[in-house]
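Colleague: I am new to this structure and would like a close look at a single helix, together with whatever surrounds it. Could you take me through that part slowly, after a few words on the chain as a whole?

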Amino acid sequence: IRTIASKLKEWDASNIVVDPVMVATSGSRLLQDDAAGALISELLPLGTVITPNLSEAEVLAGMEIREKDDMIRAAEKIAKDANVAGCIMIKGGHLSDDADDLLYMDGNVRWLRGERVDNPNTHGTGCTLSSAIACGLAAGMDVFDAAEDAKRYITGALKAGLDLGSGSGPLDHLYCLEII
């Protein structure tokens, strides 16, 4: 993580999207404590957008998130404690009956409203969302438009209902591809 952060600084990289990938939606820890410390101190402050899921936001903020007001408090705490100057997008898909995500930047709160899609195949949705935001930023969109566009893409990919393999499969990344 330190090497990645140093190279991003060396190359004066812009439009950095950081998906922390610290805690799986199932609750399993995916990152050792020393690596998590480096992520928080070295990489998160470089992010144009960071995209923690609810479990990751709880770890980063050191608090439980049970409702939308908690998401706002967590984002404020993450911005302050992890020195995040960019946008914090806390993915709220597992909080309630909807799939609303929080965008927090410079004390401003914006909600990306979303419908819950009944699809057991959600493997990789967080990584896909972060990649889609990065694509939007690379195409010249501002953070908010890139996040909204990425959220629409994820919703469409889930609604497509791809069913591959056993267990929680992937979403349909190619659902909007027009084949001629």
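Modeller: Helices and strands here are DSSP runs, of at least four residues for a helix and at least two for a strand, numbered from the N terminus. Read in that way, the chain of this predicted model follows the pattern α-β-α-β-α-α-β-β-β-α-α along its sequence, which comes to six helices and five strands.

Before turning to the helix, it helps to have the whole chain in view. For 180 residues, a compact globule would be expected to have a radius of gyration near 16 Å, and the chain agrees with this, since its own value is 16 Å. The C-alpha trace spans about 45 × 35 × 30 Å along its principal axes, and 42% of the residues count as buried. Among contacts with a separation of 6 or more, 57% are made by residues 24 or more positions apart.

The part to look at closely is helix α4, which takes in residues 68–81. At 1.5 Å a residue, its 14 residues should span 20 Å, and because its end C-alpha atoms are 20 Å apart, the helix agrees with that expectation. Buried within α4 are Asp70, Met71, Ile72, Ala74, Ala75, Ile78 and Ala79, where buried means under 20% relative accessible area. A general point about helices helps in reading that list: an α-helix has 3.6 residues a turn, so residues three or four places apart point the same way.

What, then, covers the buried residues of α4? The cover includes helix α3 (54–61) and the strands β2 (49–50), β3 (87–90), β4 (101–105) and β5 (108–112). Following the chain past the helix, one comes to asparagine 83, whose phi is positive, near 55°.

Two of the covering strands deserve a further look, because β4 and β5 are both part of what covers the buried residues of α4 and also pair with each other in the antiparallel sense, over five bridges. Leucine 103, for example, has arginine 110 in β5 as its bridge partner. Together β4 and β5 form a hairpin with two residues between them, and in the turn aspartate 106 has a positive phi of about 50°.

To return to the helix with these surroundings in mind, α4 has buried residues that include Met71, Ile72 and Ile78, and the hairpin strands β4 and β5 are among the elements that cover its buried residues.

Technical notes: Residues are numbered from 1 along each chain as its sequence is written. This is a predicted model: local features need pLDDT of at least 70, side-chain atom pairs count only at pLDDT 80 or more; totals for chains, interfaces and linings use all residues. Side-chain values use heavy atoms; hydrogens and water are left out. The expected span of a helix is 1.5 Å times one less than its number of residues. Buried means under 20% relative accessible area, exposed over 50%, partly exposed in between (1.4 Å probe, protein chains only). Contact means heavy atoms within 4.5 Å. Two strands pair if DSSP finds at least two bridges between them. The radius of gyration is taken over C-alpha atoms; the globule rule is 2.2 Å times the number of residues to the power 0.38.
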